[in-house]
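Trainee: Could you pick one part of this model and take me through it closely? After that, I'd like to see how the rest of the chain looks around it.

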Amino acid sequence: MFDTLRNVMPNIFKSLISAPVIGLVGLGTAIVLALPSPAGTLSETILFAKPSSTNRYAIFRMRPDGNEMRPVADIPASCREPNLCAANNCVAFSALIGKNWHIFTVNLNTNELKQITEGHSDSRHPVWYPDGSKIFYETDTWGQSELAVIDLNTQNAQRLTFNQCINRYPALSPDGRKLAYTSWINGFANIFELTLDPQQLNDSGSWNRTWAVNTIVTNRKCLTKGHRPCTRPSWSGDSQQIAFECLDYKNTFIDTNSENAQMRHNMQKKCLRAKDPAWSPNGRHILYRFDHKKEHVLKLYDVDEGTVSDFPRQFSEAACDLIWQRCPLPWSIDEAI
């Protein structure tokens, strides 16, 4: 089955780049906004998953103003949880193949598709290391959901957590130094932060269980410490703050680990029924999905002004797995949806 998918997927990608999606209107020509960045000339893009014309979840991307939406990974399988690496212009995502979720990557320049994980375990929520050499992800390879990292050059996968609890939703800081994630301990879901060892990351062959356990014990820090479930962390562009989804009395809202109490109070009050927070690279906005009954609206929270507005583009289906990232220029010159 995997061989068949590998053969047909590149052709599917090529046809999808220029094919319209049923139910969506508007065609445009790619217009690029150049933004200065220490890494070079970069633009910004928002990636997300939503039901496609085939009713499977597919990956899309669009400009921060909602324009030039185009498919990224509409393959014959449900695709979720995209993450873009600016260093290689590749999107990592998870796809449901048969009964299991596996991680794939697609190069936005060449449409080359690669399958990263396989087998009878679920592997989800891929997150790129900034230089594109590794992918962090969650997997149930060892029984329950644990965090792992795979070196794409050696295909060597290493387990990162050994704390005998469920660990999900990894989120790597833009500077690559800290890994945030949700850990379920004693029935409560809290956001944890793990400081990574750059030397160990650059020498994955020397990893072992003892080092990983010691790293978790000495470098792991609980950021929320509450009885309200906190999930889906999203880093600010300066790698200093984390926004996350929180549940309180059946109502979700966006919170942050900021030391600014007024900012936190205002965010909790204004960002209600909110899911899938995605912090903009410049730190000025947080994009999220407002869910109420059958209503799904994308909204923007202005961090400086403390105000909420509707995102310029809306969808009839719920967009999920939102992520707002920098991407290399230029965008491919193909027709947008």
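Mentor: Let's start with one strand and its partners, then step outward.

First, some housekeeping. This is a predicted model, where local features need pLDDT of at least 70 and side-chain atom pairs count only at pLDDT 80 or more, while totals for chains, interfaces and linings use all residues. Residues are numbered from 1 along each chain as its sequence is written, and side-chain values use heavy atoms, with hydrogens and water left out.

The part I'd pick is strand 14, residues 188-195. Strands here are DSSP runs of E with at least two residues, helices are runs of H or I with at least four, and both are numbered from the N terminus. Six of the eight residues in strand 14 are buried, where buried means under 20% relative accessible area, exposed means over 50%, and partly exposed lies in between (1.4 Å probe, protein chains only).

Now look at its partners. Two strands count as paired if DSSP finds at least two bridges between them. Strand 13 (178-185) runs antiparallel to strand 14, with eight bridges joining them, and Ala180 sits across from Glu193. Two residues separate the strands of this hairpin, and Asn186 has a positive phi near 55°. Strand 14 also pairs with strand 15 (220-222), again antiparallel, over three bridges; there, Leu194 has Arg220 as its bridge partner. In general, strands of a sheet pair through backbone hydrogen bonds, either parallel or antiparallel.

That positive phi deserves a moment. Most residues other than glycine have a negative phi. Gln155 also has a positive value, near 60°, and is found in the loop between strand 10 (146-151) and strand 11 (156-159). Tyr169 has one near 55°, but it belongs to strand 12 (166-172). Gln155 is partly exposed at 44% relative accessible area, whereas Tyr169 is buried at 12%.

Further along is an open sheet of three strands in the order 16-17-18, with antiparallel pairing. Strand 16 (230-235) and strand 18 (251-256) are its edges, each pairing on one side only. Neighbouring strands in this sheet are turned by 25° against each other on average, direction ignored. For that angle, axes are lines fitted to C-alpha atoms (for helices, over the stretch in contact), and angles run from 0 to 180 degrees between N-to-C directions. Strand 17 (242-248) and strand 18 share six bridges, and one pair is Leu247 with Thr252.

A loop residue to check is Ser280, between strand 19 (274-279) and strand 20 (285-292). Ser280 is buried at 1%. Setting aside neighbours within four places in sequence, Ser280 is in contact with Gly237, His285 and Trp324, contact meaning heavy atoms within 4.5 Å.

Then there's the inside. A nonpolar core is a set of buried Ala, Val, Leu, Ile, Met, Phe, Trp, Tyr and Cys residues joined through side-chain atoms within 4.5 Å. The largest has 20 residues, and Ile59, Val72, Val91, Phe93 and Ala95 have the most contacts inside it. Strand 5 gives the largest share, four residues. Another core, lying apart, has 15 residues, including Ile46, Phe48, Leu298 and Phe315.

To zoom out, the chain has four helices and 23 strands, and 54% of its 337 residues are buried.
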